[in-house]
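Take a look at the protein chain shown below. This report goes through its folding pattern, its cores and a few of its residues.

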Amino acid sequence: MDHMEVSVLPDDLIVEILSRLPLKSFCRFKCVCKPWLAFSSDPNYCKKLPKIPTGLFCQYQDFDKKATKLLSQPRNIEPIDGALSFLPHHPQLELMDCCNGLVLCMRRSMDWSRRTITCHFIVCNPATQEWTRLPDTRPYQEHDVFEAMLAFNPSCSPQFYVFNFKRNPFSFLSGLQVFSSDLSTWLVYDAWWNSGIQTVIGYPHLFIDGSLYLFSMRRNSVKRILVLNGFEAMSSRIPPNRRTIKLPHDPSVEPANGLPVGLYTRGYFGKSPGTMHYALTAADGLAVRIWSLDVSGPYKWTEKYRLSMSDAVGRNDLAYYDAAQQCWNCTYEIAAIDLERDVMFLFDCHASNLRSYIISTGELQELDDIEQDHEHVYDKFYHYVACYSKLPTYVPIPQPCLLEAKRPGRRTWRSKLLAIVAKSSWR
């Protein structure tokens, strides 16, 4: 049956066919094309279609080691190994990111003679327990700080990208390495990145419809969303495109007394098909506002919700002055939002527990699969939606594996050499 024949079938008949598919087959169906992805997430049919497993990946300190766990898994399906015990060296791995069903982990190794650090990355699919080890990064200096992010969208491409941002001692970005599963190597974009305005980036971030959206703050403290896209051109060693989008201005995140506020006022990104969402906690912690943005343009924010946290928890003392950090902090933080499923996850920083907030009703529910004790310190949360696509296979390039990316429009001896490398048989 070709695509034209499928398109003329009545929607009710398609829903009836899909409702009889096994879960894994239905998940692969979503990745065929964007129209099928939109159809599978249509709220009019969601109740009849198979439920795709979702949850919240978290990292916590378990005594002297880091550990991972997948919270809020559905109970009526085969559980997914949230501890990632199928990975080598899994007790030494650090959870770095999660994107559309894939998980990025990292292990560091120290060269004490040179005082340098090398990052060893692993990308895995917890639903299928497939994993792949990436080539090692270039060595970093002992005190360098880096932020790694994963970009993957199976409905657009089977390939994935890993972005490894390097920070200088002042927290401003000073370099960028990108791993492309299509090229099987790391690309270096230091010169390209340093040619722009000094910027701080990091959590929150989001990958949607082929673009990476990052929270950024420039030296003048202006907050923006930095957008990177055009990753397909990296096969020709051309850097990604970049631009910025303004964040919705909310005066409530600026306390009247002029004292600084903590990182909770950075907000949190979420997504639904073709739409990015931005949730922002007020400086006093009493409310959370959620805006939406159509990523296809025009880039105008629309306020969707204003949620009262004081009504949900039954008290008003949700912000306090943190003398250690010398700023205002909030008693909770947004761990994830999922407007398709009408839920926002909140982490209680004092009680060290996680709650789900039902957006339509304002009801708070505690998750019973999180350790309710003070021996487990939770520090990272990532929204997870299971994916049953196979990881792309790649052939590692012989060392040296780091290739300096060219700038568009310039034909240098290095770019000529890279063109020869790209066409060679051993790639």
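The chain has 7 helices and 27 strands. Both are DSSP runs, numbered from the N terminus: helices are H or I with at least four residues, and strands are E with at least two. This is a predicted model, where local features need pLDDT of at least 70, side-chain atom pairs count only at pLDDT 80 or more, and totals for chains, interfaces and linings use all residues. Residues are numbered from 1 along each chain as its sequence is written, and side-chain values use heavy atoms, with hydrogens and water left out.

**Overall picture**

The chain has 427 residues, and 50% of them are buried. Buried means under 20% relative accessible area, exposed means over 50%, and partly exposed lies in between (1.4 Å probe, protein chains only). The accessible surface comes to about 21,000 Å². Carbon and sulfur atoms account for 52% of that surface. Such areas come from the Shrake-Rupley method with a 1.4 Å probe; for residues, only the protein chains shown count as cover.

Contacts (heavy atoms within 4.5 Å) also link distant parts of the sequence. Take those between residues at least 6 apart in sequence: 51% join residues at least 24 apart.

**Two nonpolar cores**

A nonpolar core is a set of buried Ala, Val, Leu, Ile, Met, Phe, Trp, Tyr and Cys residues joined through side-chain atoms within 4.5 Å. The largest one here holds 39 residues. Phe121, Val123, Phe160, Val162 and Phe163 touch the most other members. Strand S8 (residues 145-152) gives the largest share of this core, 6 residues. Apart from it lies another core, of 31 residues, including Ile290 and Phe345.

What does Phe163 touch, beyond residues up to four places away in sequence? Its partners include Glu147, Met149, Leu176, Leu212 and Phe231.

**Cysteines without a bond**

How many disulfides does the structure hold? It holds 0. A disulfide is a pair of cysteine sulfur atoms within 2.5 Å. The sulfur of Cys98 is 7.5 Å from its closest cysteine sulfur, in Cys99, so the two are too far apart for a bond. For Cys349 the closest is in Cys330, at 7.1 Å, which is also too far. Cys98 is buried, at 11% relative accessible area. Cys349 is partly exposed, at 32%.

**Positive phi angles**

Most residues other than glycine have a negative phi. The table lists two residues with a positive one.

| Residue | Phi | Place | Relative accessibility |
|---|---|---|---|
| Leu84 | about 55° | loop between S2 (65-71) and S3 (94-99) | 2%, buried |
| Asn100 | near 50° | loop between S3 and S4 (102-111) | 22%, partly exposed |

**A hairpin and a polar contact**

Strand S16 (residues 268-272) is largely enclosed by the rest of the structure, because 4 of its 5 residues are buried. S16 runs antiparallel to strand S17 (residues 275-281), and 5 bridges join them. Two strands pair if DSSP finds at least two bridges between them. Lys271 stands opposite Met276 in S17. The two strands form a hairpin with 2 residues between them. In the turn, Gly274 has a positive phi of about 75°.

Arg289 lies in strand S18 (residues 287-294). Is Arg289 buried or exposed? Arg289 is buried, at 15% relative accessible area. Its side chain makes a polar contact of 2.6 Å with the side chain of Glu303. A polar contact is a pair of N or O atoms within 3.5 Å; within protein, one must be able to donate a hydrogen and the other to accept it, and residues adjacent in sequence count only if both atoms are side-chain atoms.
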